[in-house]
Amino acid sequence: AEHRWTVAGAVVERDGGLLLVCNRRRNGSLDWSTPGGVIDPTDASVLEGLTREVEEETGLVVDVGPVIEVFD
């Protein structure tokens with residue numbers, strides 16, 4: 001059976017820097033990516049799921065607008 005997921009990633013820029021998260025893969029290797037992930041069926045929208053993922057991965061609370069603003 002084919003599995004399909006909706007995924008989203010956030011590009012968070014502040015003070016000239018880009019926010020990345022470090023991911024440890026099953027084989028022990030590390031890679032860096034923008035925060036994000038799988039949007040759950042229980043998320044009301046892709047943006048809601050993305051804000052949840054950003055908070056889970058970084059602890060940052062985001063406010064969704066035309067541009068996502070980060071409040072820390």
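**Figure 1. Salt bridges in the whole protein: the structure holds seven of them.** Welcome to this predicted model, which we visit here in a handful of close-up views. Before moving in, it helps to know the overall layout. The protein's secondary structure comes to one helix and eight strands. Reading from the N terminus, the order of these elements is β-β-β-β-β-β-α-β-β. Of the 72 residues in the protein, 24% are buried. The accessible surface comes to about 5,500 Å², and carbon and sulfur atoms account for 53% of that area. Among contacts between residues at least 6 apart in sequence, 32% join residues at least 24 apart.

**Figure 2. How confident is the prediction, and where is confidence lowest and highest?** Averaged over the protein, the pLDDT is 88. A value of 70 or more is reached by 88% of the residues. Strand β5, residues 30–33, has the highest confidence, at a mean of 96. Strand β8, residues 69–71, has the lowest, with a mean of 62. Please keep that in mind when you look at strand β8.

**Figure 3. Arginine 25 and aspartate 31 meet through their side chains in a salt bridge.** The distance to look for, from N to O, is 2.8 Å. Are these two partners hidden or open to the surroundings? Arginine 25 is partly exposed, as its relative accessible area is 42%. Aspartate 31 also counts as partly exposed, because its relative accessibility is 27%.

**Figure 4. Arginine 52 takes part in a salt bridge with aspartate 40.** Their side chains come together at 3.3 Å, N to O. Arginine 52 belongs to helix α1, whereas aspartate 40 sits in the loop between β6 (36–38) and α1, so this pair ties together parts that are twelve residues apart in sequence. Aspartate 40 is partly exposed, with a relative accessible area of 31%. Now let your eye return to arginine 52, whose side chain also meets that of glutamate 53 in a salt bridge, this time at 3.2 Å, N to O. Glutamate 53 counts as buried, because its relative accessibility is 9%. Which residues are joined into one network by salt bridges that share partners? They are Asp40, Asp43, Arg52, Glu53 and Glu56.

**Figure 5. Aspartate 43 is a member of that network, viewed here in the loop between β6 and α1.** Aspartate 43 counts as buried, because its relative accessibility is 12%. A polar atom of the aspartate 43 side chain lies 2.8 Å from the backbone nitrogen of aspartate 40. What else does aspartate 43 touch, once its neighbours within four places in sequence are left aside? Its contacts are then with Glu48, Gly49 and Arg52.

**Figure 6. Threonine 51 has its place in helix α1, which spans residues 46–58.** Is threonine 51 buried or exposed? Threonine 51 is buried, because its relative accessible area is 17%, and the cut-off for buried is under 20%. Look next at the side chain of threonine 51: one of its polar atoms lies 2.8 Å from the backbone oxygen of glutamate 48.

**Figure 7. A nonpolar patch on the surface is made by Val11, Leu18, Leu20 and Trp32.** The area of this patch is about 460 Å². One of its members, leucine 18, is found in strand β3, made up of residues 17–18.

**Figure 8. Proline 41 and tryptophan 5 are 36 residues apart in sequence, yet 9.5 Å apart in space, C-alpha to C-alpha.** Where does each of the two sit? Proline 41 is found in the loop between β6 and α1, and tryptophan 5 lies in the segment before β1 (7–9). Proline 41 counts as exposed, because its relative accessibility is 85%. Tryptophan 5 counts as exposed too, at 60% relative accessibility. Tryptophan 5 can also be viewed alongside glycine 37, which is 32 residues away along the chain. The C-alpha atoms of tryptophan 5 and glycine 37 are separated by 9.6 Å.

Methods
Residues numbered from 1 in each chain as written. Predicted model: local features only at pLDDT ≥ 70, side-chain atom pairs only at ≥ 80, totals over all residues. Heavy atoms only, no water. Helix = DSSP H or I, 4+ residues; strand = E, 2+ residues; numbered from the N terminus. Buried < 20%, exposed > 50% of the residue type's maximum accessible area, 1.4 Å probe, protein only. Polar contact = N/O pair within 3.5 Å; in protein donor to acceptor, adjacent residues only side chain to side chain. Salt bridge = Lys/Arg side-chain N within 4 Å of Asp/Glu carboxyl O. Patch = residues over 30% accessible without salt bridge, like charges linked within 9 Å, V, L, I, M, F, W, Y side chains within 5 Å. Areas by Shrake-Rupley, 256 points an atom, 1.4 Å probe, with all protein chains shown as cover. Contact = heavy atoms within 4.5 Å. pLDDT = per-residue confidence, 0-100.
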